[in-house]
Amino acid sequence: MQSPKKWALAASAAIVVGIGAVIGAGVALGRNQPAAGPDAITPALNAAYDKYKGLKEGKNADYIPALAKVDPDLYGIALVTVDGKVYTVGDVKSEVSIQSISKVFTMARVLQDVGEVPLRDNIGFDATGQAFNSIVAIEQYKGKEMNPLVNAGAIVTTSMVRGKTADEIWNKIIGTYDAFAGRALKVNAEVYKSEAATNQRNQAIGMLMYAYEHIKDNPLQAVDLYTRQCSVNVNAVDLATMAATLANGGKNPVTGKVVIESSHVPTILAVMATAGLYDDSGKWLAWTGLPAKSGVGGGLIAVSPGNWGIAVISPPLDKAGNSVRGQRAIADVSKALDGNPYAVSPAAPATK
Ligand code: GLN
């Protein structure tokens, strides 16, 4: 059972005082606002950090050789609120490659540039129920009925970023990430080289999506740009700021810049909820209710819409490819802060 929502009560009270009880009584204002106020954030982060610091489950990704070398003990949590406050614990300075979390922000770029319908018609917004780099999932519906957050859909999404040359397309992609993070991000050259040398499976996926005509031309360029976008280095604060920009309807709450129109944000969050943790997305959604996205570099972001974005970096992954500490820490923090947008208390009966 949730306790009464303090912030919601405060908001209703303000309305009652400000513009009269008639309006205040009828408005279900802020029923999704968290019961836990800002003072609860630091203790929640510290508790989750301490609880999972010693956890030894999971394993770094090693199918990209450079990822196997990252320190498995690297562990940091950052939370950024929609009013731009940044809370951190642990190592939030060390950087890892963003990997699949990048898919969310390239999707944002494409939604902004071409809109929802072409993306939905070309790939779909549905769960595949398969691993992130599944070829069976492509074959099942000839590259449809999937989503921009699995490799096939992501490579197609990257191919839909507009630009005449590879450089022009790249500048749009990295420019979008920079705006979400609020600083200039850079490619991790070692990870890029390592993945480019071993991404034959993604090349095959790109060619297959070209054969099914979801990629219009130059599939290998799309795969290369996708590989580059996955190699962008980020720390936990960057990732939390990116997530908080989504929590704040597309406006970066730290820089104040509108990065994407707010009308696209519900689509992005819906796809994250559907497919952000691959074949474990349903389990995650039932656990936390939060749209989220993982990367095999060890990053995990989650969004409590209207409240905050959170990120954990911790490289050891479970079998589905999701950070073990990341999932547990975010679930705990969100529970402590009432972050689940589906968790609402029953409304008080209407009064006459
Ligand atoms: N670059 C990685 C790949 O394509 C990203 C996968 C991931 O983070 N799940 O395999």
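Me: I'm new to this structure. How many bridges join β1 to β2, and do the two strands run parallel or antiparallel?

Reply: Five bridges join them, and β1 and β2 run antiparallel. Keep in mind that this is a predicted model. As a general idea, strands of a sheet pair through backbone hydrogen bonds, either parallel or antiparallel. Here you can pick out one facing pair: I77 stands opposite V89 in β2.

Me: What links β1 to β2, and which residue there has a positive phi?

Reply: The two strands make a hairpin with four residues between them, and G84 takes a positive phi near 85°.

Me: What does β1 pair with on the β7 side?

Reply: β1 (residues 76–81) and β7 pair in the antiparallel sense over six bridges. Go back to I77: in β7, the residue opposite I77 is V312. Further along β1, T81 has W308 of β7 as its bridge partner.

Me: And how do β6 and β7 fit in?

Reply: β6 covers residues 299–304 and β7 covers 308–313; they are antiparallel too, with six bridges between them. L300 of that pair faces V312 in β7. The strands form a hairpin with three residues between them, where G306 in the turn has a positive phi of about 80°.

Me: So what is the order of the strands in the whole sheet?

Reply: Read across, it goes β2-β1-β7-β6-β5, an open sheet of five strands with antiparallel pairing. The edges are β2 (86–90) and β5 (292–294); each has a single partner strand, so one side of each has no neighbour in the sheet. On average, neighbouring strands are turned by 10° against each other, direction ignored.

Me: Is β7 open or enclosed, and why?

Reply: β7 is largely enclosed by the rest of the structure, because six of its six residues are buried. Look at its two faces: W308, I310 and V312 are buried on one side, and G309, A311 and I313 are buried on the other. β1 is mostly covered as well, with six of its six residues buried. On one side of β1 you find G76, A78 and V80, and on the other I77, L79 and T81, all buried.

Me: How should I read the nonpolar core?

Reply: Start from the general idea: in soluble globular proteins, nonpolar side chains tend to be buried together. In this model the largest nonpolar core has 103 residues, and L79, A240, A243 and A311 have the most contacts inside it. Helix α13 (residues 236–247) gives the largest share of this core, nine residues. Try A240 as an example: setting aside neighbours within four places in sequence, A240 is in contact with A78, L79, V80, G309, I310 and A311.

Me: What about the protein as a whole, how many helices and strands does it have?

Reply: There are 16 helices and seven strands. The protein has 352 residues, and 52% of them count as buried. Among contacts between residues at least 6 apart in sequence, 70% join residues at least 24 apart.

Me: Can a loop residue be worked through too? Is I260 buried or exposed?

Reply: I260 sits in the loop between α13 and α14 (265–275). There are 22 other C-beta atoms within 10 Å of I260, so this residue is buried. Beyond its neighbours within four places in sequence, I260 is in contact with A108, Q112, G250 and V265. Its C-alpha atom is 8.9 Å from that of T245, which is 15 residues away along the chain.

Me: You mentioned positive phi in glycines. What is the general rule for other residues?

Reply: Most residues other than glycine have a negative phi. Two cases here go the other way. Phi of E213 is near 65°, a positive value, and N218 has a positive phi of about 55°. E213 lies in the loop between α11 (200–211) and α12 (219–230), and N218 is found in the loop between α11 and α12. E213 counts as exposed because it has 10 C-beta neighbours inside 10 Å. N218 has 14 other C-beta atoms within 10 Å, so N218 is partly exposed.

Me: Last one: which residues surround the ligand?

Reply: They are Q99, S100, F132, N133, N151, E195, N202, C230, G295, V296 and G321. Sorted by class, that shell has three nonpolar, seven polar and one charged residues.

Note on methods. Residues are numbered from 1 along each chain as its sequence is written. A residue is near a molecule or strand if its C-beta atom, placed from the backbone, lies within 6 Å of it. Ala, Val, Leu, Ile, Met, Phe, Trp, Tyr, Cys and Pro count as nonpolar, Asp, Glu, Lys and Arg as charged, and the others, Gly among them, as polar. Two strands pair if DSSP finds at least two bridges between them. Axes are lines fitted to C-alpha atoms, for helices over the stretch in contact, and angles run from 0 to 180 degrees between N-to-C directions. A nonpolar core is a set of buried Ala, Val, Leu, Ile, Met, Phe, Trp, Tyr and Cys residues joined through C-beta atoms within 7 Å. A residue is buried if 20 or more other C-beta atoms lie within 10 Å of its own, exposed if 12 or fewer, and partly exposed in between; C-beta atoms are placed from the backbone. Two residues are in contact if their C-beta atoms, placed from the backbone, lie within 7 Å.
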